[in-house]
Amino acid sequence: MHFLSEELEDYVERHSENEPELLAALNRETHLKILSPRMLSGHFQGRVLSMLSKLIRPKNILEIGTYTGYSALCLCEGMTADGVLHTIDIKDELVGFQRKYFDQSPWGKQIVQHLGPATEIIPNLTDTFDLVFIDADKENYQNYYELILPKMNQGGVILSDNVLWSGKVLEPLKDNDRSTKALMAYNEHLKNDPRVETVLLPIRDGLTVSRVL
């Protein structure tokens, strides 16, 4: 589902910051070699992530769902000089691809890759976080959120991707559609959780910004 016409999306992209060369190369290689390239954040959303990170100036960042590393590199653009980004994914076949691009960036030594289920990895992380990006399996969004909330610094920001789920959140719910059901429940949870203040942005497939109180 396109929330904007393709022409308007193209206009928005052309009037936003240019995609950095390294990310453009990552974008191209992902589309050529990796399954499900639609999962990539891409130029416009990537610039949104970069801008938010630059405004927040996080020291420690956590990303849940690395894919090919595009969004991680965008988030690193606003990270402090002594900052660290932890990124978690379950697909071991993508680790080398991610690392190739991480090491070509200025932040290679500041990016820590974790391989395995995020529900098992997050409890063992000792850092506290200023910025978190959730972009993994939708059925676990609320579990991830509850695990990371105690590790958030006051005023920290949690970004949640795909919360509009191609508009399915407005359609009659099918009995076997667990992802949409989980996202609908998650969106309601964020809206009603007194521990955060939340705004849902209709950017790409929906991006929620939640600030920890």
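## Ser166 and Arg204: positive phi angles

A residue is termed buried when its relative accessible area is under 20%. By this cut-off Ser166 is buried, because its relative accessible area is 19%. The structure described here is a predicted model. Ser166 is placed in the loop that runs between strand E5 (152-161) and helix H8 (178-192). The backbone of Ser166 has a positive phi of about 55°, although the residue is not a glycine.

Arg204 likewise is not a glycine and has a positive phi, here of about 50°. The loop that holds Arg204 connects strand E6 (196-201) with strand E7 (207-212). With a relative accessibility of 34%, Arg204 counts as partly exposed.

## Charged surface patches

Arg204 also belongs to a positive surface patch, which it forms together with Arg38, Lys168 and Lys174. Of these residues, Arg38 is located in the loop between helix H2 (21-33) and helix H3 (42-56). Arg38 counts as exposed, because its relative accessibility is 61% and the exposed class begins over 50%.

A negative surface patch is made up of Glu6, Glu7, Glu9 and Glu13. Glu13 is part of helix H1, which covers residues 6-14. At 33% relative accessibility, Glu13 is classed as partly exposed.

## Salt bridges

The structure contains 12 salt bridges. In one of them, the side chains of Lys100 and Glu29 meet with an N to O distance of 2.9 Å. Lys100 lies in helix H5 (residues 95-104) and Glu29 in helix H2, so this pair ties together parts that are 71 residues apart in sequence. The partners fall into separate accessibility classes: Lys100 is partly exposed at 38%, whereas Glu29 is buried, with a relative accessible area of 11%. Glu29 and Lys100 are further linked with Lys33 in a network of salt bridges.

A salt bridge also joins the side chains of Glu77 and Lys54, at 3.6 Å from N to O. Because Glu77 lies in the loop between H4 and strand E2 (84-89) while Lys54 lies in helix H3, the pair ties together parts that are 23 residues apart in sequence. Glu77 is buried, with a relative accessible area of 18%; Lys54 is partly exposed, at 40% relative accessibility.

Glu139 forms a salt bridge with Arg178, and the closest N and O atoms of this pair are 3.9 Å apart. Glu139 is situated in the loop between strand E4 (129-134) and helix H7 (141-148), and Arg178 in helix H8, so the pair ties together parts that are 39 residues apart in sequence. Glu139 has a relative accessible area of 41% and is therefore partly exposed. Arg178, in contrast, counts as exposed, at 58% relative accessibility.

## Surroundings of Ile34

Ile34 lies in the loop between H2 and H3, the loop in which Arg38 is also found. Ile34 counts as buried, because its relative accessibility is 17% and the buried class extends to values under 20%.

Leaving aside neighbours within four places in sequence, Ile34 is in contact with Glu29, Tyr67, Thr68, Leu94 and Phe97. Among these contacts, Glu29 is the residue whose side chain meets that of Lys100 in a salt bridge. Ile34 and Glu171 are separated by 137 residues in sequence and by 30 Å in space, C-alpha to C-alpha.

## Surroundings of Ser71

Ser71 is a residue of helix H4, which covers residues 70-76. At 4% relative accessibility, Ser71 counts as buried. When neighbours within four places in sequence are set aside, the contacts of Ser71 are Ser41, Leu49, Glu63 and Phe133. Two of the elements named above can be located from these partners: helix H3 is the span 42-56, and strand E4 is the span 129-134. Leu49 and Phe133, both in contact with Ser71, fall within these respective spans.

Conventions
Residues are numbered from 1 along each chain as its sequence is written. This is a predicted model: local features need pLDDT of at least 70, side-chain atom pairs count only at pLDDT 80 or more; totals for chains, interfaces and linings use all residues. Side-chain values use heavy atoms; hydrogens and water are left out. Helices (H or I, at least four residues) and strands (E, at least two) are DSSP runs, numbered from the N terminus. Buried means under 20% relative accessible area, exposed over 50%, partly exposed in between (1.4 Å probe, protein chains only). Contact means heavy atoms within 4.5 Å. Patches are made of residues with over 30% relative accessible area and no salt bridge: like charges are joined within 9 Å, nonpolar side chains (Val, Leu, Ile, Met, Phe, Trp, Tyr) within 5 Å. Accessible areas come from the Shrake-Rupley method with a 1.4 Å probe; for residues, only the protein chains shown count as cover. A salt bridge is a side-chain nitrogen of Lys or Arg within 4 Å of a carboxyl oxygen of Asp or Glu. Lys and Arg count as positive and Asp and Glu as negative; His and the chain ends are not counted. The place of a charge is taken as NZ of Lys, CZ of Arg, CG of Asp or CD of Glu.
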